[in-house]
Structure formats: C-alpha cells, structure tokens
Amino acid sequence: MIGSTISHYRVTGKLGVGGMGVVYEAEDLRLARPVALKFLPEELAGDPEAARRLQREAQMLGGLNHPNICTIYEIDEHEGSAFIAMERVEGVNLKLHIARGPLPTNEILDIALQITQALGAAHAAGIVHRDIKPGNIVISSAGLVKVLDFGLARRFIQPKTGESVIGGSTILGRPVGTASYMAPERILQLPLDPRSDLFSLGGVIYEMATGRPPFAGASPSETVSNILEKDPVPLTKLSPDRPLQLERIVNQLLAKPAEDRYQSAEALRAAVAAVRHPPSLWQRLFSK
C-alpha cells in the first residue's frame, strides 16, 4: 500500500499494527497536510462486525473535539475496505518514552493531567475508552499529550434515554484489551464504567514512576490473577524519590472496587493538580 494513492491521500509509510487496525502515514493531497489512515487488519477486512466497529470508532471520535484527543477527519472506503482518516500525531509513544528511563515527577504529573482531561471529555460524551495504556498515548516535543485508538471504546450512557449500557466485551467469553491495564470489572465483564479508565490510568502513572506495570506477571493469566487478588508493590518502595501524595493517588486509582477510586476524571484532575501546583503559604493562610 505504501506509495499508492487512496482517495485523495498518498500513503508514505506504515506507523503501526495492532489487533484492531493497521495505521499508515499519508499526505492529504487536497489540503497538503500529514494524516494517518487506519484500516482493518487483513484478517478482519471482510468481517462485518469489524467494519461496524471501525464505523463506530469514527462516529464516537467524530463527536469529540479536545486538544488531548486525536482528531478524526473522515471515514471512507477503498476497494471495499473502510478506513479512517485522522490527525497525524507527531511525537514519541509513551511506551517508548518510559523505556528510555525514569520520567521526572513533574513530567509524570503533566502527562497524567492531560490524559485525565482527555478522559474527562470522553466520559462527558458518554464514552469509555477501555484501552488506556502507554502504547495509546503520544507526547509531542512541546509536551502536548494525545490519547489515541478508540477502537475498543463504547458508550456507557444511552444518548437519548440516559440509561446505562449493560455489557462489556465485544467478544463473548473474554474481555478485549491489554490485560496489564484492565480494571477488575473489565476482566469480569461487568457493566461499562468510566472508572475503569481511571484504573487503567493509575497503571500508566505507576509505570511512568517505577518503570514497570503494577500487576505484571510471568503470563497473562498471572497478570489477571494479580489484578483481581493482589496489591502492587508500593510506588515509593520502587521509586523512593517520588512524593507520597503521588503514591496515594495511584493507590486510590488502583483500588479493586470502583466505588473506592476517584469517582470522576474531574476529581482526579483536582488531586493531581494539587500535587503539581501546590498552594502557596499565602493561599493556604487565605483558605483558612
């Protein structure tokens, strides 16, 4: 596909491959701008359910307009295969960024704040991402964070009735996503809940601070068992230079029962912001 022209896009390279799609970099020949094109993997190209999933992703993302969320331009078709044209996000993948070495605490807090703001916008629109992990987050050279890949996202509120959607996995019998960052209720396929995204973000923050996921086991089944039954090694034990407040935030995010976590992205944003920008002495005195 590299070198070919699809609609008004000239494909220039491949950006990545995942279970839910293949992403190419391309040039928009009409508007002279870089874009990313997401196609279904070859093995799913003729799958009607996979095509509906891609359509659903485009529709959900098309309704979101936020600086920390990748922008969708359009959904189109090429030789019978649907594809999404979206913003080409320049920067480093957070997974690779973490692999380079420990991140400074203030950078961790800045990244966490921006992911939280993205989740707040998605949740306000009734959307649960369901696959928050370092591999779905990109950071630009200027420090701007973008949350990518809403391929597993689902609506948790019926747009007209306001009723909760009952259901979890799109594949009967097993949850879909990356085990290391799944909330317990995602593994157990309980009803959709935005607090599951906050649990996943807790895992991302823990990994940024310590260099490893909180529940990683020797196998996927051991990882799942750890999530359901064990607490992670305390963050400050692995990374003693981190503030205790950061550990407390992560511990609350990684609570097994959803009701013990932060109950909204906004509540989490306020907690992280208080660590990133602590009030001055005058502010503390004035507040009393």
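In the predicted model, Leu190 counts as partly exposed because its relative accessibility is 42%, a value that lies between the limits of 20% for buried and 50% for exposed residues. Leu190 is placed in the loop that links α4 (184-187) to α5 (195-210). Together with Leu188 and Leu228, Leu190 forms a nonpolar patch on the surface. The accessible area of Leu188, Leu190 and Leu228 together amounts to about 250 Å².

The interior was examined next. The largest nonpolar core contains 65 residues, and the members that touch the most others are Leu94, Phe150, Ile205 and Met208. Helix α3 (residues 105-124) supplies the largest share of this core, with nine residues. A second core, separate from the largest one, comprises 11 residues, among them Ile6, Tyr9, Val11 and Tyr24.

For Ile205, contacts were considered without the neighbours within four places in sequence. On this basis, Ile205 is in contact with Ile108 and Ala112, and also with Leu246, Val250 and Leu253.

A further loop position is that of Gly63, which is found between α1 (48-62) and β5 (72-78). Gly63 counts as exposed because its relative accessibility of 62% is over the 50% limit. Although Gly63 and Ala125 are 62 residues apart along the chain, a distance of 8.1 Å separates their C-alpha atoms.

How values were computed: Residues are numbered from 1 along each chain as its sequence is written. This is a predicted model: local features need pLDDT of at least 70, side-chain atom pairs count only at pLDDT 80 or more; totals for chains, interfaces and linings use all residues. Side-chain values use heavy atoms; hydrogens and water are left out. Patches are made of residues with over 30% relative accessible area and no salt bridge: like charges are joined within 9 Å, nonpolar side chains (Val, Leu, Ile, Met, Phe, Trp, Tyr) within 5 Å. Accessible areas come from the Shrake-Rupley method with a 1.4 Å probe; for residues, only the protein chains shown count as cover. A salt bridge is a side-chain nitrogen of Lys or Arg within 4 Å of a carboxyl oxygen of Asp or Glu. Helices (H or I, at least four residues) and strands (E, at least two) are DSSP runs, numbered from the N terminus. Buried means under 20% relative accessible area, exposed over 50%, partly exposed in between (1.4 Å probe, protein chains only). A nonpolar core is a set of buried Ala, Val, Leu, Ile, Met, Phe, Trp, Tyr and Cys residues joined through side-chain atoms within 4.5 Å. Contact means heavy atoms within 4.5 Å.
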